[in-house]
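Q: Could we go through this model together? I would like to begin with the packing and then turn to the chains.

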Amino acid sequence: MRAKATLAAAALALAPLAACTGGGAEAGADGTLTVFAAASLTEAFTEIGERFEAEHEGVQVEFNFAGSSDLAAQITEGAPADVFASADESNMDKVVEAGAATDPDTFALNRLVIAVPEGNPDGVAGIADLAGLDFAACAEEVPCGAAAQSALDGTGLAPVTYEADVKSTLQKLTLGEVDAALVYRTDAIAAEDEVDAVEFPESAGAVNAYPIAALEDAPNPDLAAEFAAYTLADDAQAVLEAAGFQRS
Amino acid sequence: MPAKRIRRRRVPAALLAPALIGLAFLILPLAGLLARAPWTELPARLAEPEMLAALRLSLFTATAATVLSLLFGVPIAWLLARGEFPGRSVLRALVTVPLVLPPVVGGVALLLVFGRSGIIGAWLYERFDLTIPFSTAAVVLAMTFVSMPFLVVSVEGALRGADIRFEEAAATLGAGRWTVFTRVTLPMVAPGVLAGAVLCWARALGEFGATITFAGNFPGRTQTMPLAVYLALQSDPEAAIVLSLILLAVSVIVLASLRERWTAAP
Amino acid sequence: MSAATEPETSGSAAGLDAHLVVDRGGFRLDLRLHVAPGETVALLGPNGAGKTTALRALAGLEALSGGHIVLDGETLDRPGSRVRRMRAARGESQIDGPPNNYPDIGVRQSSASGFEQGAGDRRGSRWVPPEERRIGVVFQDYLLFPHLTAIDNVAFGPRRRGLGRTEARALAAAWLDRVGLGAFGKRRPKQLSGGQAQRVALARALATDPALLLLDEPLAALDARTRLDTRAELHRHLTGHSGPAIVVTHDPVDALMLADRLVVIEDGRAVQEGDAESVTARPRTDYIARLVGLNLYRGKAEGHQVVLDSSIRGATPTGTATYGDASASATTADGYEETDVPEGPVVLVASDPLEGPAFAAFPPSSVALYPERPDGSPRNTWQAMVSGVHRHGDNLRVQLDGPLKAAADVTPAAAAQLRLEPGRRVWATVKASEIRVYPA
């Protein structure tokens, strides 16, 4: 008797949780598109989403912006998403390997710049000028870090900190804790009120490709494919370019 | 006879059911980690110098933060429990701010004070060419900031529960205020202090947000285990699981052996 | 030292000279105490009378609002006539102002003792903090430090007075031996019985060689059996103590057994003072009368007669005594009177003559009860109604209502014969020779 009552109580307690997870998937049926996109795409994709909604009556685009690896993990664990836009190819590869997506398209490129305080007080003109300065870069484990590492290879330079993502790398600069930061061009442009971006030739070998794909288990497969295609169209590309991305 | 005794000790179902559900909720995620852990990778991970450096750094900084918290937190707790001055309740609320503040925000706040252009940090930088961020000291500061409230709250509770008359008795026996505090008050609230210190240490060991924001991430210097775990999660989730299990195991061993020693004491 | 200008403080009078004035909210303690070296005084009084406050003031755990404490010629507490903070500025005191509540001193005193308002304080005030007073205290529930063993508890005081660890321990061991607990040094307070803990507490207080010994309800927490033994032992130690000692208690037996002199306090004031005999034989308040088991009345003596105050608050010794205004009715001036006379003063007739305001007291055992009006001699006869019957030792104590509230002790046999039960009407008599009359 007692054991049964306990089980019943447990079932009751868990029931609302189950209901919660069920609700999300259903929403896709009535014209809602769920896009998982890399954090660096926040500004550009918000704009693109609005344009897409304007062109598609009754469609609502919802974004989940986060680090690409977090998103890839969520998708492979079965999160109900329609589209995945990654900031690097390796995380898209994980999703493809898991069978959650096929044939991703590269819709944008992002390259590193040296972000410096406005007015460039240390007169940084290239990567070699970072010698003697405190600078921040992303950790190797994240996309911007892999790019930074390849740019720094052979220079003998090392940052004072390997940040977990590009936003916090830039933040160390805007807070005045470092003299320079290796960040994406798009991030430097987004913060152009506070920082100047110094382009450097070595970054050519350290370009990040941004792939996008409609997901296999998309609750809204048609809209998903349409959105993925839309990011390659001129309209969306213009938005991306304004944000500092380059055409692929 | 024994049967009767067992009967009397039986936990009422109204308590048992939620307790079991709660325990399942706390333990199942751990079980999930254990199930997913690539055990074959463990020996290789354990041999990695970077992992060992992160583990060593974590244990050292968490312990240092606990010592700092004891040094400053116990007096704060005393002030809150025994002091009578205007604004005490406000002060008590302020002390718990780090508990509710997202640790990342706490890290930014620390930068604004101790950073190169922070209120105190700027002066240190100009005067002594000293920068705190991106140093091991910064890790300890970040940990102390987020974990000291646990100690303060715990010790304050113990102090409030302590009977002041014992202190009066000590005074009549010739003990001055400092002696009363060290010889009577502190020993009597020792269990509370210990509980607070354990909580503080555990919180410091798991500290991530404030640390990575204030101290950055540099292997061997500021990369503690949680940071290593988080970064590993970006590229190699299975490695991250192994790392977190190692951290978990070490902390459990440390706490268990500590408890052993304390309870074994006469 | 300016304090020397005060007569009470001058000289090197040994013993305790205290005038304790503590104002707190609606309560005011105002008590003068003089205790000679070697003398033990019991502060006896009901709960809330101010006994413990007096003791705390003496120990320095509470500051005086007025008066003084002088022990063996040294002033321990004397609040200035206006303000106390002056003396710090003049460097007269050893320490900062007195605390309102000891452990909070540091943070509390600024608001508690106020700020100087002028230099009107010519006598000079003084405050010696508790840790610098040579006063040993045995607290009500002993307050043995739970984290220390018995021997370390006893050694605590000597250590603070500058003894080394080994010497302090040796001294503590000697004291434990003296209270018969030599074998219990390693025990923690939790592992001691109530009586043992009491003795450790006593040893702890005595080990500091105090000039004044204070005991707060030292036996209250003990069961009857332990109490008997412990009381005898405590008496022995009090006798051996060469300084003054004060025992706070609400138990008259403890007071009578332990003390040379009783000071009875009620509502913060001394209401009676004297040796055990005089206090118990001639109680001056209802409280003491009840404690010592006497029926007590206040009135006016006119020769052999005592005319009781019109609204009599007869104190009857029950332990659960009922108060009330017994409307005077029965016994009229000639001592022979009608049952149902509603008005008129109640008069008691005693053998010893006296004039003026007086107390009249008689023990319950002197009251005789009859089912019918008795014939013959007793001068004090009245009709009463039984309002309660309780066991009292081997006898029964009967509460009587009527013109004169009183308690009477009867044997169970007599009670059965009289069919005593609440509501029953009986006749009560007391012989004149049993009534003690003394000036109020």
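Q: Which residues touch the most other members in the largest nonpolar core?
A: In this predicted model, they are Val154(C), Leu214(C) and Ala360(C), in a core of 121 residues.

Q: And which element gives the largest share of this core?
A: Strand E13 of chain C, residues 347-362, gives the largest share, with nine residues.

Q: Where does this core lie relative to domain 1 and domain 2 of chain C?
A: The core lies between them, because both domain 1 (2-134 + 210-266) and domain 2 (292-439) contribute residues to it.

Q: Back to Ala360(C): what does it touch, leaving out residues up to four places away in sequence?
A: Ala360(C) touches Tyr297(C), Gly299(C), Val306(C), Leu348(C), Ala350(C), Ile435(C) and Val437(C).

Q: How many residues are in the other core, the one that lies apart?
A: That core has 93 residues, including Leu112(A) and Val198(A) from chain A and Ala210(B) and Ala239(B) from chain B.

Q: Changing topic, how many helices and strands are there in chain B?
A: Chain B has 15 helices and zero strands. Its C-alpha trace spans about 70 × 60 × 35 Å along the principal axes, and 40% of its 266 residues are buried.

Q: And chain A, how many helices and strands there?
A: Chain A has nine helices and nine strands. Of its 248 residues, 46% are buried.

Q: What share of the contacts in chain A join residues at least 24 apart?
A: Counting contacts between residues at least 6 apart in sequence, the share is 73% in chain A. For chain B, counted between residues at least 6 apart, it is 75%.

Q: Now the contact of chain B with chain C: how many residues does it take from each?
A: Chain B gives 20 residues and chain C gives 22 residues. On the chain B side, helix H10 (164-172) and helix H11 (177-188) each supply at least two residues, and H10(B) has the largest share, eight residues.

Q: How do the residues on that side of chain B divide into nonpolar, polar and charged?
A: There are ten nonpolar, five polar and five charged residues on the side of chain B that touches chain C.

Q: One more helix, H12 of chain B: why does its span agree with what is expected?
A: Helix H12 of chain B has 16 residues, 190-205, so at 1.5 Å a residue it should span 22 Å, and its end C-alpha atoms are 22 Å apart.

Q: Which residues of H12(B) are buried?
A: They are Gly192(B), Val193(B), Gly196(B), Ala197(B), Cys200(B), Trp201(B), Arg203(B), Ala204(B) and Leu205(B).

How values were computed
Residues numbered from 1 in each chain as written. Chains lettered and ligands numbered in written order. Predicted model: local features only at pLDDT ≥ 70, side-chain atom pairs only at ≥ 80, totals over all residues. Helix = DSSP H or I, 4+ residues; strand = E, 2+ residues; numbered from the N terminus. Buried ≥ 20, exposed ≤ 12 C-beta atoms within 10 Å, placed from the backbone. Contact = placed C-beta atoms within 7 Å. Nonpolar A, V, L, I, M, F, W, Y, C, P; charged D, E, K, R; others polar. Expected span 1.5 Å × (residues − 1). Core = buried A, V, L, I, M, F, W, Y, C linked by C-beta atoms within 7 Å. Domains from an automatic or database assignment.
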